[in-house]
Amino acid sequence: MKKLHLSSLALAVLMCLGMLAACPAFLPRAEASAPSEQPVRPRHGRPSQQVQNSAQYRPLTPYGTTGTGPSLYVLMYHDVVPEGTPCNPWTVTDTRLREDLQWLADNGWTTVLPGQLAAGDPIPGKAVMLTFDDGYRGNYELAYPLLQDFQAKAVISIVVSYVDGQNPDFLTWDMCREMVQSGLVEIGSHTYASHNADQRGIKRLDTETRDQYEARVLPDLQASIDLIEEHVGVRPGFFAYPNGHTEPWAMDFIHSRFSVTATTCYGPSRLSAGLYGLNRYNVSMGIPLSDFLPA
Ligand SMILES: [Zn+2]
C-alpha cells in the first residue's frame with residue numbers, strides 16, 4: 001500500500017512536469033500575468049498545425065480563444081490538501097480553496113458546469129468554471145464540503161484507471177456518484193490510463209504510426225467514457241487534455257464524444273469561439289485569483 005502511495009505521488013509530479021512542456025504560457029509566479037485578451041496558444045495546438053496534420057479535422061473554431069462575446073474563465077485545480085501541508089505548484093490547501101470560493105462569491109462570479117455550456121444555457125456575465133484534474137481523493141474529502149458550503153459547481157476530470165483500480169490516493173466510484181447526485185459536480189474524462197505515456201498525455205509517440213496510435217489511445221478514451229457512464233450514471237461531456245497536449249489524430253474522436261474540452265494554457269476563452277480547447281489558469285498557492293480574474 002505504501003509503495004502504491006509513493007508511486008502515485010511520483011506519477012502526479014511527472015504529470016505536472018508534463019504540463020510545463022505543454023504550453024509556453026504556463027508560467028510560474030514571477031512570470032504570471034493578468035489575463036490577456038489575446039492569450040498565447042499552445043505550442044502543439046496552433047490551428048494551422050492541426051489542420052495540416054489531419055485531413056479530416058476541419059474545425060470552424062479550433063480553439064475557444066478567439067472571437068467576440070462573453071469571456072469564460074476556467075480555473076484548474078488538482079489536489080486539495082489539509083492546511084499546513086507543503087504544496088507544490090499544483091496543490092492548494094483547503095484554506096486557500098475556501099478563500100478562492102469566498103473571493104468568487106464576494107466579487108459576483110457564478111460557477112458553471114460544462115453541461116450548462118453544452119446545453120446552451122444562458123451564461124452570466126461573470127462566469128467561471130472550476131476544474132479539478134486527475135481525481136484526487138482530496139477533491140471529495142476537502143473540496144466537496146467547500147463546494148457545498150458555497151453551492152459552487154465544479155467538474156472533476158478523473159484518470160479512470162486510478163478510480164477503477166481503487167488507488168487509495170484517488171476518488172472511489174461511490175464518491176463520484178455522491179458528488180454528481182448533489183448537482184454540484186460533473187465527472188469528466190482525463191483518459192483511462194494513457195495520461196502519462198512518455199509524459200505526452202494522449203499526444204502521439206514519435207515512432208508511432210496512425211494505426212498504432214489509434215489502437216493504443218482511442219480504446220483507452222472510450223473505456224474512460226464507458227466506465228464513467230456505467231459507474232456514475234451520466235455520460236461524461238467534458239475532457240481535460242492530460243498535460244495540456246492536444247493531438248490531431250484524436251481530434252475527430254474526441255469532438256464526436258465530448259462537448260467541452262480544455263487545455264492548460266493561460267487566458268480567458270470566448271464562448272462565441274466554441275467550447276473546445278478552452279484555456280485554463282492553474283491555481284497555486286501564492287498566486288491570488290485576482291491575478292487571473294477581474295474583481
Ligand atoms: Zn492530469
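User: Which residues of α5 are buried?

Analyst: In this predicted model, helix α5 covers residues 138-150, and what lies over its buried residues includes β2 (79-81), α3 (94-106), β5, β6 and α7 (173-181). The buried residues of α5 are Gly138, Asn139, Tyr140, Leu142, Ala143, Tyr144 and Leu147.

User: At which residue does α5 bend, and by about how many degrees?

Analyst: A proline, Pro145, follows the bend of α5 within four residues. The residue at the bend is itself among the buried residues of the helix. The bend is at Tyr144, and its angle is about 35°.

User: How far apart are the end C-alpha atoms of α5, and what span should its 13 residues have?

Analyst: The expectation rests on a rise of 1.5 Å a residue, which for the 13 residues of α5 should give a span of 18 Å. The separation computed between the end C-alpha atoms agrees with that expectation, and its value is 17 Å.

User: Which residue follows α5, and what is the sign of its phi?

Analyst: As a general background, most residues other than glycine have a negative phi. The residue that follows α5 has a phi near 50°. This residue is Gln151, and the sign of its phi is positive.

User: What kind of unit do β5, α5 and β6 make?

Analyst: Strand β5 (residues 127-134) pairs with β6 in the parallel sense over five bridges, and within this pairing the bridge partner of Thr131 in β6 is Val155. Taken with helix α5, the two strands make a β-α-β unit whose hand is right-handed.

User: Is strand β6 largely enclosed or open, and why?

Analyst: One side of β6 carries Ala154, Ile156 and Ile158, the other carries Val155 and Ser157, and all of these residues are buried, which leaves both faces covered. Because five of the five residues of the strand (residues 154-158) are buried, β6 is largely enclosed by the rest of the structure.

User: Which residue of β7 stands opposite Ile158?

Analyst: Besides its pairing with β5, strand β6 is joined by five bridges to β7 (residues 185-189), and these two strands run parallel. Within β7, the residue that stands opposite Ile158 is Ser189.

User: Which strand gives the largest share of the largest nonpolar core?

Analyst: The largest nonpolar core has 66 residues, and those with the most contacts inside it are Val74, Leu75, Tyr77, Val128, Ala154 and Ile158. The largest share of this core amounts to six residues, and the strand that provides it is β1 (residues 71-77).

User: Which residues is Tyr77 in contact with, leaving aside its neighbours within four places in sequence?

Analyst: Tyr77 is one of the residues with the most contacts inside the largest nonpolar core. Leaving aside neighbours within four places in sequence, the residues in contact with Tyr77 are Val92, Leu130, Thr131, Phe132 and Val283.

User: Is Gly135 buried or exposed, and why?

Analyst: Gly135 is found in the loop between β5 and α5, and, not counting residues up to four places away in sequence, what it touches includes Ile156 and Ile158, together with Tyr162, Phe170 and His190. A residue is buried if 20 or more other C-beta atoms lie within 10 Å of its own. Because Gly135 has 27 other C-beta atoms within 10 Å, it counts as buried.

User: Which of the three classes, buried, partly exposed or exposed, does Lys126 fall into?

Analyst: Lys126 is found in the loop between α4 (114-119) and β5, and its C-alpha atom is separated by 4.9 Å from that of Trp109, 17 residues apart along the chain. Not counting residues up to four places away in sequence, Lys126 touches Gly108, Trp109 and Thr110. With 16 other C-beta atoms within 10 Å, Lys126 is partly exposed.

User: Is Gln166 buried or exposed?

Analyst: Gln166 lies in the loop between α6 (160-164) and α7, and its phi is positive, near 55°. With 10 C-beta neighbours inside 10 Å, Gln166 counts as exposed.

User: Is Thr191 buried or exposed?

Analyst: Thr191 lies in the loop between β7 and α8 (210-232), and its phi is positive, near 85°. With 24 other C-beta atoms within 10 Å, Thr191 is buried.

Technical notes: Residues are numbered from 1 along each chain as its sequence is written. This is a predicted model: local features need pLDDT of at least 70, side-chain atom pairs count only at pLDDT 80 or more; totals for chains, interfaces and linings use all residues. A residue is buried if 20 or more other C-beta atoms lie within 10 Å of its own, exposed if 12 or fewer, and partly exposed in between; C-beta atoms are placed from the backbone. Two strands pair if DSSP finds at least two bridges between them. A crossover is right-handed if, with the strands pointing away from the viewer, the path from the first strand over the helix to the second runs clockwise. The expected span of a helix is 1.5 Å times one less than its number of residues. The bend at a residue is the angle between axes fitted to the seven residues ending there and the seven starting there. Two residues are in contact if their C-beta atoms, placed from the backbone, lie within 7 Å. A nonpolar core is a set of buried Ala, Val, Leu, Ile, Met, Phe, Trp, Tyr and Cys residues joined through C-beta atoms within 7 Å.
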